[in-house]
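Here are my notes on this one, written as numbered points so you can follow along in the viewer. Shout if anything is unclear.

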Amino acid sequence: MSDIMESRESAVARHALDFRDRVVVVTGAAGGLGTATVRMFLRHGARAALVDVAEDRLHQVVGDLDVAPDRVMPWTGDLTDAIAKLKA
């Protein structure tokens, strides 16, 4: 019985980390945790929009990623400003 449960859990885990045909938005993408998050999503098949206020660092991170250019899109800006403008 435990082999069946382990096999089912593995299948669920694989499905949960399948991000093919998905786009994720990662804020703070130029920081350590943000960059690690982007790498994890890319490893699992996602395309990623990388958002950060630090333009130079953001473009450095994008340049360091070993993926096709159509899988990442950098955006320099502050989402809190954009959200505030939407609410106004």
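1. Let's start with a crossover: β2, α3 and β3 form a β-α-β unit, and a right-handed one. Keep in mind throughout that this is a predicted model. There is another such crossover earlier on, where the chain leaves β1, passes through α2 and arrives at β2, and this β-α-β connection is right-handed too.

2. Now the overall layout. The protein chain contains four helices and three strands, and along the sequence they come in the pattern α-β-α-β-α-β-α. Of its 88 residues, 25% count as buried. As for contacts with a separation of 6 or more, 53% of them link residues that sit 24 or more positions apart.

3. What is the strand order in the sheet? The three strands line up as β1-β2-β3 in an open sheet, with parallel pairing. β1 (23-27) and β3 (72-76) are the edge strands, and each has a single partner, so one side of each has no neighbour in the sheet. On average, neighbouring strands are turned by 20° against each other, ignoring direction. As general background, strands of a sheet pair through backbone hydrogen bonds, in either a parallel or an antiparallel way.

4. If you want to check the register, here are the pairs to click on. β1 and β2 are joined in the parallel sense by five bridges, and Val25 has Ala49 in β2 as its bridge partner. On the other side, strand β2 (residues 47-52) is connected to β3 by five bridges, again running parallel. There, Asp52 is matched with Thr76 of β3.

5. Two helices pack on this sheet. Helix α3 (residues 55-64) touches β2 and β3, and its direction makes about 175° with that of β3. Helix α2 (residues 32-43) touches β1, β2 and β3, with its direction at about 170° to that of β1.

6. Which residues of β1 lie on its covered face, and which on the uncovered one? Val24 and Val26 make up the covered face, while Val23, Val25 and Thr27 make up the uncovered one. That fits the general rule that side chains in a regular strand alternate between the two faces of the sheet. β2 is mostly covered, with five of its six residues buried.

7. On to the core. The largest nonpolar core has 16 residues, and Val24, Val38 and Leu50 have the most contacts inside it. β1, α2, β2 and α3 are the elements that give two or more residues to this core. In soluble globular proteins, nonpolar side chains tend to be buried together. Leu50 is worth selecting in the viewer: setting aside neighbours within four places in sequence, its contacts include Val26, Val38, Leu58, Val61, Val72 and Trp75. Ala29 is also one of the residues in contact with Leu50.

8. Ala29 turns up again with Thr35, which belongs to helix α2. Is Thr35 buried or exposed? Its relative accessibility is 9%, so Thr35 is classed as buried, the cut-off being under 20%. A polar atom of the Thr35 side chain lies 2.8 Å from the backbone oxygen of Ala29. Not counting residues up to four places away in sequence, Thr35 touches Ala29, Ala30, Arg57 and Val61.

9. Ala29 can also be set against Ala54, which sits in the loop between β2 and α3. The two are 25 residues apart in sequence, with 9.2 Å from C-alpha to C-alpha. Ala54 has a relative accessible area of 30%, so it falls in the partly exposed class.

10. One last spot to look at is Asp21, in the loop between α1 (2-16) and β1. What is odd about its backbone is the phi angle: Asp21 is not a glycine, yet its phi is positive, at about 65°. With a relative accessibility of 81%, Asp21 counts as exposed, because the cut-off is over 50%.

Note on methods
Residues are numbered from 1 along each chain as its sequence is written. This is a predicted model: local features need pLDDT of at least 70, side-chain atom pairs count only at pLDDT 80 or more; totals for chains, interfaces and linings use all residues. Side-chain values use heavy atoms; hydrogens and water are left out. Two strands pair if DSSP finds at least two bridges between them. Axes are lines fitted to C-alpha atoms, for helices over the stretch in contact, and angles run from 0 to 180 degrees between N-to-C directions. Contact means heavy atoms within 4.5 Å. Buried means under 20% relative accessible area, exposed over 50%, partly exposed in between (1.4 Å probe, protein chains only). A polar contact is a pair of N or O atoms within 3.5 Å; within protein, one must be able to donate a hydrogen and the other to accept it, and residues adjacent in sequence count only if both atoms are side-chain atoms. A nonpolar core is a set of buried Ala, Val, Leu, Ile, Met, Phe, Trp, Tyr and Cys residues joined through side-chain atoms within 4.5 Å. A crossover is right-handed if, with the strands pointing away from the viewer, the path from the first strand over the helix to the second runs clockwise.
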